Amino acid sequence: MNLTLRIWRQNGPEDKGAIHEYQVKGISEESSFLEMLDVLNEELFERGEEPIAFDSDCREGICGQCGVVINGIAHGPEVTTTCQLHMRSFNDGDVITIEPWRAQGFPIIKDLVVNRSALDRIIQAGGYISVNTGGAAAADATPVPKQDAERAFEAAACIGCGACVAACPNASAMLFTSAKVTHLGLLPQGKPENYRRVVSMLNQMDEEGFGSCSNIGECAAVCPKQIPLDVIANLNRQLGKAALKGV
Ligand code: SF4
Ligand code: FES
């Protein structure tokens, strides 16, 4: 495949940045999107030009490091992580525009790399679980209703990639925050701090400059782990209960 790539280049947080155009030739449709960028970077390196900075780690859809906006869609045309996107999702001759996540809470470090540590600080604001679980207990020592276990597991699948923020017109981090609140609050060990956790995490989300949720749903549409939109309803319910309890 021969492709035209339009890639956002930005030297640093203060640089203005602009789209630069590159041609890549002979890309296998079996290669991954990031391997295609690796090929381009090798060519740039050989020409003595600065390679494109982009983030990745596991390249297995686990770590959440790799997200970019491809043709206007967070993680591109498939509902998966950027590293799990393959070139067979594109056609020979395509023009592909690649940009970083854009949100006040995710300042650009360089080119396609953004600083997502705001998500870590939201998790940190949630605090720790104080229940002393002691030594390794039998798996069935603390009964958890099947429905709660499955829902907590579903929410725990969030990898903190930030696509939900990048896709949201308000740059809200509600899907991410709600996934964490739902995951921890449904399990018995996470219940004692549930209300305090909801309030602290939401306050931190606001402090980091993320917007509010207005139920548009773009977040869930691009989430590579298919975190459902109704975790946000759960967070709002917990927030209401926290207010009633005066937390
Ligand atoms: S909720 Fe989905 S899109 Fe948002 S950070 Fe988690 S995995 Fe990524
Ligand atoms: S590089 Fe780890 S999820 Fe993509």
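This is a short dialogue on how to read a predicted model of one protein chain with a ligand.

Student: Where should I begin, and how many helices and strands are there in the chain?

Tutor: Begin with the overall picture. The chain has 8 helices and 7 strands, and its C-alpha trace spans about 60 × 40 × 35 Å along the principal axes. Of its 247 residues, 45% count as buried.

Student: What do the contacts in the chain tell me about residues at least 24 apart in sequence?

Tutor: Take the contacts between residues at least 6 apart in sequence: 69% of these join residues at least 24 apart.

Student: What about the surface and the charges?

Tutor: The chain exposes about 12400 Å², and carbon and sulfur atoms supply 49% of that area. Its side chains include 21 positive and 31 negative ones, with the centres of the two sets 8 Å apart.

Student: Which residues are around ligand 1?

Tutor: To read a ligand site, list the shell, then ask which elements and classes supply it. Here the shell consists of C158, I159, G160, C161, G162, A163, C164, L175, F176, C223, P224 and I227. Helices α4 (163-167) and α5 (174-186) each supply at least two of the shell residues. By class, 10 are nonpolar and 2 polar, while no charged residues appear.

Student: Is N194 buried or exposed?

Tutor: The idea is to compare relative accessibility with a cut-off: under 20% means buried. N194 has 6% relative accessibility, so it counts as buried. This residue lies in helix α6 (residues 194-207). Leaving aside residues up to four places away in sequence, N194 touches V181, G185 and Q238.

Student: What is the phi of R59, and what is that of D111?

Tutor: First the general idea: most residues other than glycine have a negative phi. R59 has a positive phi of about 55° although it is not a glycine. D111 is not a glycine either, and has a positive phi of about 45°.

Student: Where do R59 and D111 lie?

Tutor: R59 is in the loop between α1 (33-46) and β3 (69-70), and D111 is in the loop between β6 (108-110) and β7 (113-114). R59 is partly exposed, at a relative accessible area of 29%. D111 counts as buried, at 2% relative accessibility.

Student: How many residues apart in sequence are D15 and N2, and how many Å apart in space?

Tutor: Sequence and space are two separate readings. D15 and N2 are 13 residues apart in sequence, with 30 Å between their C-alpha atoms. D15 itself sits in the loop between β1 (3-9) and β2 (18-24), and is partly exposed, with a relative accessible area of 34%.

Note on methods: Residues are numbered from 1 along each chain as its sequence is written. Chains are lettered from A and ligands numbered from 1 in the order in which they are written. This is a predicted model: local features need pLDDT of at least 70, side-chain atom pairs count only at pLDDT 80 or more; totals for chains, interfaces and linings use all residues. Side-chain values use heavy atoms; hydrogens and water are left out. A residue is near a molecule or strand if one of its heavy atoms lies within 4 Å of it. Helices (H or I, at least four residues) and strands (E, at least two) are DSSP runs, numbered from the N terminus. Ala, Val, Leu, Ile, Met, Phe, Trp, Tyr, Cys and Pro count as nonpolar, Asp, Glu, Lys and Arg as charged, and the others, Gly among them, as polar. Buried means under 20% relative accessible area, exposed over 50%, partly exposed in between (1.4 Å probe, protein chains only). Contact means heavy atoms within 4.5 Å. Accessible areas come from the Shrake-Rupley method with a 1.4 Å probe; for residues, only the protein chains shown count as cover. Lys and Arg count as positive and Asp and Glu as negative; His and the chain ends are not counted. The place of a charge is taken as NZ of Lys, CZ of Arg, CG of Asp or CD of Glu.
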